Amino acid sequence: MTDSISTRLRTETADAHHQAESHPLERALVAGSISREQYTEYVSQRYLIHAALDPLVLQVCDADARFAGLVPSELLQAPNLRADLAYLGVDADQVEACKATEALIRQLKDGAATTPASVLGYYYVFEGSKNGARYIARALAAAWGLRPGGPGLRYLDPHGERQRPLWLEFKARLDAIAFRPDERDAMVSAACRAFELVSALDKEIYSAPSKAELTAG
């Protein structure tokens, strides 16, 4: 019996997923010890990614009747990220991309042009990240006196207690689609690349000199 696509995505990206979660930036997020400057850059780069990903995934779903209804608008994250950036005092339209963000968006757009199903592999990674992000939201809320899912933390906890049911419903819709073997392979490959590029982005953000360091220099 062929594994469901969500099972393949989970099992075949496990190593890449573990590597991404093991990065110092991710550990600082979970511990609530990340600096506000790094967090602002984290949100800024995630905004650029979702500003590219959201319309592409909707385009893919609109173009193929098999994918109709797979990604309802309430799951999209760009609006939450814009709201978080506004709270953090950042104009979303003025955010500049890191090298890793540019690479991720470039590969995402290339995949959309050549193998549309690969966009769903990227989307799976970011949609699935909401599950662990709730724990980050709680840690940062406690550290900074904020409310999980409130201003500044909407991206990390957009659905509150509805997160788990929404995730299970999304996976059920995904598994009900009759993907071709080449599409399944493309989705898994894209999901692995997404984790690798997120790791590269986390490294770039974590290792960037702070504004204070740049001023001192």
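## A buried lysine in α7

Lys-130 is buried in this predicted model, because its relative accessible area is 2% and the cut-off for a buried residue is under 20%. Helix α7, which spans residues 117–144, holds Lys-130.

The side chain of Lys-130 makes a polar contact of 3.0 Å with the side chain of Glu-127. Beyond the residues within four places in sequence, Lys-130 is in contact with Leu-75 and Gln-77, and also with Leu-156, Pro-158, His-159 and Gln-163.

## The largest pocket

The volume of the largest pocket is about 790 Å³. Its lining is made up of 33 residues, and those closest to the centre are His-17, Glu-21, Gly-128, Ser-129 and Gly-132. By residue type, the lining has 15 nonpolar, eight polar and 10 charged members.

Which helix gives the largest share of the lining? That helix is α7, with 12 residues. Several helices, α7 among them, each supply at least two lining residues: the others are α1 (5–12), α2 (14–21), α3 (24–31), α4 (36–63), α8 (163–175) and α9 (181–207).

## The largest nonpolar core

In soluble globular proteins, nonpolar side chains tend to be buried together. The largest nonpolar core here contains 72 residues. Tyr-39, Tyr-42, Val-71, Leu-120, Leu-140, Leu-156 and Leu-174 have the most contacts inside this core. Helix α7 provides the largest share of the core, 14 residues, and also the largest share of the pocket lining.

Leu-140 touches two other residues from that list of most contacts, Tyr-39 and Leu-156. Leu-29, Gly-32, Ile-34, Gly-145 and Leu-153 are also touched by Leu-140, with residues up to four places away in sequence not counted. Leu-156 is in contact with the buried Lys-130 as well.

## A buried glutamine in α4

Is Gln-45, in helix α4, buried or exposed? Gln-45 counts as buried, because its relative accessibility is 0% and the cut-off is under 20%.

Gln-45 and Ala-97 are 52 residues apart along the chain, and their C-alpha atoms are separated by 6.4 Å. Ala-97 is also one of the residues in contact with Gln-45 when neighbours within four places in sequence are left aside. The others are Val-95, Glu-96, Cys-98, Thr-101, Leu-201 and Ile-205. With Thr-101, the link includes a polar contact of 2.7 Å between the two side chains.

Note on methods. Residues numbered from 1 in each chain as written. Predicted model: local features only at pLDDT ≥ 70, side-chain atom pairs only at ≥ 80, totals over all residues. Heavy atoms only, no water. Helix = DSSP H or I, 4+ residues; strand = E, 2+ residues; numbered from the N terminus. Buried < 20%, exposed > 50% of the residue type's maximum accessible area, 1.4 Å probe, protein only. Polar contact = N/O pair within 3.5 Å; in protein donor to acceptor, adjacent residues only side chain to side chain. Contact = heavy atoms within 4.5 Å. 1 Å grid on protein atoms, 1.4 Å probe; cavity = no way out; pocket = protein on both sides within 12 Å on 5 of 7 lines; lining within 4 Å. Points joined across faces, edges and corners; volume = space filled by probe spheres on them. Nonpolar A, V, L, I, M, F, W, Y, C, P; charged D, E, K, R; others polar. Core = buried A, V, L, I, M, F, W, Y, C linked by side-chain atoms within 4.5 Å.
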